[in-house]
Amino acid sequence: MSEAHPLSPGPALSFPQGTVSAFHFALPMALWSRRTLVLGLLGGALPLMAVVFLTVKSIPAAEIRTPGYIFFSNAFQFILYYVLLTALAMGTAVIAEEIDGRTLTYLTIRPVPKAALLLGKAAAAWTTGAILVAATVVSGYTVFTLGDGLLFSGGADSFLINLPTLGVDLLLTLGALAVYITVFTFIGARFARPMLWGITLAFGWESWVAFVPGLTRKLTAMHYIQSLSPHASGRNAAVALLQQGAGRFESVVALALILAAFALLAAWTFSRREYEFDLSKR
Amino acid sequence: MPIHDLSYRHWDGPLRGAGSRWRVIAEAGIRLLLARRRFAAMLMLAWAPALVQAGILYFALTGVQGVDLPIGAQFFQISMAIQFLPLVLVMVWAGSGLIAGDLAAQALPLYFAKPITRLDYIAGKFGVIVFFLLLVYPAPPLALFLLAAGVAPDLTFLAQNWWVGFSILGYGVLVAVIGSLFILALSSMARSARIASVMFVGLVIFSDMLANLASLVTRSDLPLAFSAAKNMERLADAMFGLPSSVGIPWGLSLGVGVLVAVWSAWTLARRIRPVEIVS
Amino acid sequence: MSRPVEVSEVSKWYGQVVAVNGMSLGLEPGVTGLLGPNGAGKSTLMKMLTGQIRPSRGRVELLGHVPWNDPDLNRRVGYCPEQDTFYEWMTGRRFVTALLGLAGFERAEARRRAEAALAEVGMTEVGDKKIGGYSKGMRQRIKLAQAIAHDPEVLILDEPVSGLDPVGRRHIIDLVRKWGAQGRTILVSTHILHEVEAMTSAVLLIHHGRLLAEGDVHEIRDLIDEHPRLITMVTPDPRALAARLLTEQDVVSVRFERGSRSITAETVRPDEFYRRLPALVLQEGVEIEEMSSPDDNLQAVFDYLVR
């Protein structure tokens with residue numbers, strides 16, 4: 001090989017180039033994984049629920065007159081849990097999957113800064129998660145409102161009128177996904193059993209502490225996400241009723257700070273840590 | 001003088017029966033997990049709520065002034081509900097990697113190179129997880145029940161609540177068996193304990209959310225049968241003889257549990273094979 | 001001018017376990033064998049050289065740079081790790097190409113280099129099969145392909161011939177020698193002693209984390225001149241030969257091999273012993289049908305050093 005080509009090592013990569021390179025490497029793996037398929041199926045439950053709703057509403061004896069959009073609004077809590085689960089699955093996999101599979105060495109021996117590697121992979125995880133979440137939100141919204149409108153109200157008014165709210169929903173859920181992915185990426189890079197920590201954080205701390213009156217809830221991302229949500233559903237209704245939500249500006253700043261802090265923490269941890277593949281040491 | 005042959009000698013004694021080979025896998029798995037200090041610490045912590053309740057129970061039954069708490073079926077049902085978190089943690093920690101780990105290490109051909117059947121393998125793995133689930137789920141409330149029977153000033157408590165012990169045991173065993181089969185099935189569908197954990201959490205939590213949503217949409221309680229948590233609650237209410245807020249028949253909840261167990265067993269039978277075909 | 005690889009008083013410990021203990025060495029361009037039993041510290045040393053872990057003490061330099069957290073250095077270093085793990089669902093071709101893409105090569109260039117690397121290790125025809133379906137030998141070759149595909153100056157190969165059949169081993173040994181002849185600096189670890197000898201005469205012997213010996217294998221052998229050497233001879237009249245040999249001062253013992261016509265003589269001056277043999281045969285009519293020295297290989301050197 002080298003008789004025809006004298007030693008010609010590859011290009012030097014800057015940090016942004018390394019991040020892009022890692023993103024392109026990781027994206028196909030994230031998109032075409034079994035994990036993505038399972039999450040996609042779970043997300044498909046929302047439009048399926050919308051179909052069930054339309055079916056039941058079409059039965060005169062059921063006497064359902066509530067508009068589809070109200071049910072979509074009530075289902076927003078489901079969407080937020082879906083965001084949590086997707087972030088948990090995708091975020092912990094960024095580093096932990098490479099450690100479990102003992103393939104991390106192939107990545108860290110490339111001329112890509114470790115922090116860039118982590119951020120690029122996290123970006124690929126977010127992209128995949130964003131496709132899943134957006135598909136769930138948009139399909140759920142469409143079937144609930146457009147289906148309801150065309151079948152029972154004779155038009156697409158509800159669908160069109162509530163489109164701005166859909167835009168807010170998408171921004172909010174995709175932003176929440178980014179925040180949680182950085183949190184779980186840090187957990188995956190730092191801890192030997194990221195799933196236990198992740199489940200405790202996601203479905204313990206974030207799901208319950210966010211609704212406890214007082215200052216403790218300000219230590220959760222869910223508190224700020226709920227405060228930005230245009231929907232009053234489930235626990236969110238209780239929060240709205242007690243007027244305990246944070247202001248919009250405060251919420252956006254807090255979420256941005258959480259995202260930045262955990263992204264930096266994850267990158268710093270990954271750059272400094274030595275990863276052992278001897279399972280007896282974990 | 002006769003010189004004895006000190007070279008290798010074949011074992012000509014009796015071999016353990018085929019029916020007990022699963023125990024080797026189970027015992028090895030249990031020992032391996034107990035050797036992990038953090039897991040052992042978590043098991044001990046799982047009994048902490050029971051310790052607190054033991055204090056409450058003692059004061060209530062011995063008539064300490066100011067403690068007026070009826071100790072009966074509801075008390076023990078709540079005690080079991082409190083053990084739900086340790087149950088989930090053990091399923092995730094101990095159960096999710098039981099088969100996934102073997103698949104990742106390509107260890108199944110090693111297992112089946114020995115004279116064991118697939119049933120031995122599955123039973124052995126089942127033995128590991130069900131042991132720990134029984135340890136953290138029915139065992140603490142059962143211990144509380146026995147404590148109550150012991151510290152009660154007379155036989156009134158036992159006369160009125162003798163059946164509660166059987167309820168604790170029956171319900172606990174039912175949940176442990178179905179839960180064990182379920183987590184093993186999920187573990188057999190992944191090569192990573194992490195992915196099995198995500199599937200488990202997703203299905204358990206999402207089944208509840210979807211069931212609530214469907215119930216809202218259809219204005220019927222029937223969709224609640226899709227919720228793992230609601231089915232557990234309904235079965236618990238039935239077995240402890242308590243009125244239920246979940247409006248589905250307990251037979252339906254039991255049927256769902258049996259269906260989950262059957263699906264899990266079918267999945268395990270399909271997934272556990274000595275040879276892997278890479279397409 | 002400094003050597004491509006410099007290790008200076010390097011130690012690495014994990015809690016109470018010392019994996020590498022005060023090691024100092026340097027590698028010249030060419031192939032160097034790294035030899036030691038399991039747990040000697042070979043993989044730990046290689047991980048420090050490739051920047052996977054940091055030394056607890058001391059300094060490691062590769063091409064004048066500290067490898068820990070120096071990604072730019074990785075352009076010039078290739079590493080074939082010991083663990084047999086891959087992205088099993090990828091094809092071999094895709095695996096090598098994807099890693100080249102990660103290293104910053106343009107798509108067309110990555111494909112071209114991947115093809116060249118696959119051809120080099122003999123994996124072109126099976127490059128489109130999934131790695132999960134590869135044999136052990138194929139997996140080893142793919143690992144080598146990803147290590148060499150970006151034309152590195154320094155190659156760190158941890159057990160590169162592990163799992164290969166004899167033909168495959170020969171092929172890889174030839175490749176390693178060829179890469180070394182091109183001026184690359186190559187460090188190869190293996191347990192198979194005669195393969196190290198086939199690849200190179202420059203060896204590093206390590207044991208319990210310490211460097212036991214370094215240099216040319218024959219020089220190392222010669223330095224141990226207090227160690228008697230064993231020489232086995234097959235002869236029609238073992239007793240007569242034994243009696244003759246025992247009259248020489250350098251022969252310290254003779255052993256009869258039961259059930260054969262061979263004897264094994266132990267000599268403290270092997271050069272003198274060998275010089276004497278032709279005279280024995282020609283002038284004194286001693287018949288020697290076959291002669292070998294079980295000592296004259298790396299295993300014997302190692303066994304002696306770790307005793």
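This is a short tour of a predicted model, chain by chain.

**Stop 1: chain A**

Select chain A and colour by secondary structure. You will find 13 helices and zero strands. Step along from the N terminus and each element in turn is an α element. Now orient the C-alpha atoms along their principal axes. They fill a box of roughly 80 × 50 × 35 Å. Chain A has 282 residues, and 50% of them are buried. Next, think about contacts between residues with a separation of 6 or more. In chain A, 80% of these come from residues 24 or more positions apart.

**Stop 2: A:Leu177**

Stay in chain A and select residues 163-190, which form helix 9. Pick out A:Leu177 within this helix. Is A:Leu177 buried or exposed? Count the other C-beta atoms within 10 Å: there are 24, and a residue is buried at 20 or more, so A:Leu177 is buried.

Now show its partners. Set aside the neighbours within four places in sequence. A:Leu177 is then in contact with A:Val83, A:Thr86 and A:Ala87, among others. The list also includes A:Trp126, A:Gly129, A:Ala130 and A:Val133.

For one distance check, add A:Ser251. Draw a line from C-alpha to C-alpha between A:Leu177 and A:Ser251. It comes to 15 Å, for two residues that are 74 apart in sequence.

**Stop 3: where chain A touches chain C**

Show chains A and C together. How many residues does the contact take from each chain? It takes 31 residues from chain A and 31 residues from chain C. On the chain A side, select helix 1 (15-31) and helix 6 (104-108), the elements that give two or more residues. Helix 1 of chain A gives the most to this side, with five residues. Then colour the chain A side by residue class. You should see 15 nonpolar, twelve polar and four charged residues.

**Stop 4: chain C**

Hide chain A and keep chain C. The secondary structure here has ten helices and 13 strands. The C-alpha trace spans about 75 × 45 × 35 Å along its principal axes. Chain C has 307 residues, of which 44% count as buried. Take the contacts in chain C between residues at least 6 apart in sequence. Of these, 66% join residues at least 24 apart.

Next, colour by domain. Select 5-216 for domain 1 and 224-305 for domain 2. The C-alpha centres of these two domains of chain C lie 40 Å apart.

**Stop 5: helix 11 of chain B**

Move to chain B and select residues 193-218, which make up helix 11. Does its length fit a helix of 26 residues, and what should the span be? At 1.5 Å a residue, the expected span is 38 Å; the end C-alpha atoms are 36 Å apart, which agrees.

Look along the helix to B:Phe206. Helix 11 of chain B bends by about 25° there. Now check its surroundings. Of the 26 residues in helix 11 of chain B, 21 are buried, so the helix is largely enclosed by the rest of the structure. Just after the helix comes B:Arg219, with a positive phi near 55°.

**Stop 6: confidence in chain B**

Finish by colouring chain B by pLDDT. The average is 89, and 97% of the residues score at least 70. Which element of chain B has the lowest mean pLDDT, and which the highest? Helix 11 of chain B has the lowest, at 85. Helix 8 of chain B, residues 118-136, has the highest, at 96.

Conventions:
Residues are numbered from 1 along each chain as its sequence is written. Chains are lettered from A and ligands numbered from 1 in the order in which they are written. This is a predicted model: local features need pLDDT of at least 70, side-chain atom pairs count only at pLDDT 80 or more; totals for chains, interfaces and linings use all residues. Helices (H or I, at least four residues) and strands (E, at least two) are DSSP runs, numbered from the N terminus. A residue is buried if 20 or more other C-beta atoms lie within 10 Å of its own, exposed if 12 or fewer, and partly exposed in between; C-beta atoms are placed from the backbone. Two residues are in contact if their C-beta atoms, placed from the backbone, lie within 7 Å. Domain bounds come from an automatic or database domain assignment. The expected span of a helix is 1.5 Å times one less than its number of residues. The bend at a residue is the angle between axes fitted to the seven residues ending there and the seven starting there. Ala, Val, Leu, Ile, Met, Phe, Trp, Tyr, Cys and Pro count as nonpolar, Asp, Glu, Lys and Arg as charged, and the others, Gly among them, as polar. pLDDT is the predictor's confidence in each residue, from 0 to 100.
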